[in-house]
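Open the model in your viewer and keep the selection panel at hand. The tour goes from one pair of helices to single residues, and then out to the whole chain.

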Amino acid sequence: MEIPAINLKAIVLAHWLLTLWACSIPWLPTSYVLGNLSVLAVGVWAIAQRDSIDAVLMFLIGLAVTILTDIVHFGLYYADAESRFEKTPDFFRFCGGMAILSLLLKPVSCVFVYQMYRERGGEYNVNFGFPKITQNRDAYQSIDHQDQSGSSASSYNQAEGGKPGSSSY
């Protein structure tokens, strides 16, 4: 089944709007606002540079990280904020609902952003620059064993007359 193509602008716009609505009243800490808006700024960078694999990958990683931080923020601050905003419970429920809706849409957005990452030339395996240690040594040639079958190194071992050991410089 083919995943339909969703525009990156629509993803960034939807999350920006939901983040603004979630932060209409100050029930979430500044770290929530800064974290989500900085990820959305990386999304704007991914929109601006259409051929950049790094921008889309950083946006994808940022969305994945904000899923975890949003869960932590909601767990820590929701109950306290609910008691603080007893005078305007409907407005608080609207803001909380928009924050939760943003959290629920982030995994779906990650799937679409990952599809864009693949379309821009990204690979399935994400390499963070760490060297791999492999036990396969078939590609290496031993320095103890020299190949004598027509290699250019064997010409240095023989002189003009075909006698080994003497060399002409």
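Start with the contact between two helices in this predicted model. Select S31, Y32, G35, N36, V39, V42, G43, W45 and A46 in α2, then add D54, A55, V56, M58, F59, G62, L63, T66, D70, H73 and F74 in α3; these two sets of residues meet.

Now draw the helix axes. Helix α2 covers residues 30-48, and its axis comes within 9 Å of that of α3, with a crossing of roughly 165 degrees. An angle over 145 degrees counts as roughly antiparallel, and α2 and α3 are therefore roughly antiparallel to each other. Their crossing is left-handed.

**H73**

Next, select H73, one of the α3 residues in that set. Helix α3 spans residues 53-84, and H73 has its place there. Is H73 buried or exposed? Its relative accessible area is 11%, and since buried means under 20%, H73 counts as buried.

Show the side chain of H73 and look for two polar partners. The side chain of S31 is joined to that of H73 by a polar contact of 2.7 Å. The backbone oxygen of T69 is reached by the H73 side chain at 2.8 Å. To see the other surroundings, display L28, P29, S31, Y32 and Y78: these are in contact with H73 when its neighbours within four places in sequence are left aside. S31 and Y32 in this group also belong to the α2 side of the helix pair.

**N36**

Move to N36, which lies in helix α2. Its relative accessible area is 4%, so N36 is buried. Which residues is N36 in contact with, leaving aside its neighbours within four places in sequence? Select T19, T66, D70 and K106 to see them. Among them, T66 and D70 are already in your selection from α3.

**From α3 to α4**

Now hide α2 and bring up helix α4, residues 89-119. The axes of α3 and α4 come within 9 Å and cross at roughly 160 degrees. That makes the two helices, α3 and α4, roughly antiparallel. The crossing of α3 and α4 is left-handed.

Select E82, found in helix α3. With a relative accessibility of 42%, E82 counts as partly exposed. Add F92 and set a distance between the C-alpha atoms: E82 and F92 are ten residues apart along the chain, and the separation is 7.3 Å.

Then go to I100 in helix α4. I100 has a relative accessible area of 39% and is partly exposed. How many residues apart along the chain are I100 and L18? They are 82 residues apart, with their C-alpha atoms separated by 9.1 Å.

**The whole chain**

Finally, clear the selection and colour by secondary structure. The chain has five helices and zero strands, giving the pattern α-α-α-α-α along the sequence. Switch on the surface: the accessible area is about 11,900 Å², and carbon and sulfur atoms account for 61% of it. Of the 169 residues, 30% count as buried, H73 and N36 among them. A contact map gives the last view. Among contacts between residues at least 6 apart in sequence, 75% join residues at least 24 apart.

How values were computed: Residues numbered from 1 in each chain as written. Predicted model: local features only at pLDDT ≥ 70, side-chain atom pairs only at ≥ 80, totals over all residues. Heavy atoms only, no water. Helix = DSSP H or I, 4+ residues; strand = E, 2+ residues; numbered from the N terminus. Buried < 20%, exposed > 50% of the residue type's maximum accessible area, 1.4 Å probe, protein only. Contact = heavy atoms within 4.5 Å. Areas by Shrake-Rupley, 256 points an atom, 1.4 Å probe, with all protein chains shown as cover. Polar contact = N/O pair within 3.5 Å; in protein donor to acceptor, adjacent residues only side chain to side chain. Axes fitted to C-alpha atoms, helices over the stretch in contact; angles between N-to-C directions. Parallel < 35°, antiparallel > 145°, perpendicular 65-115°, else oblique. Left-handed = near helix turned anticlockwise from the far one by under 90°.
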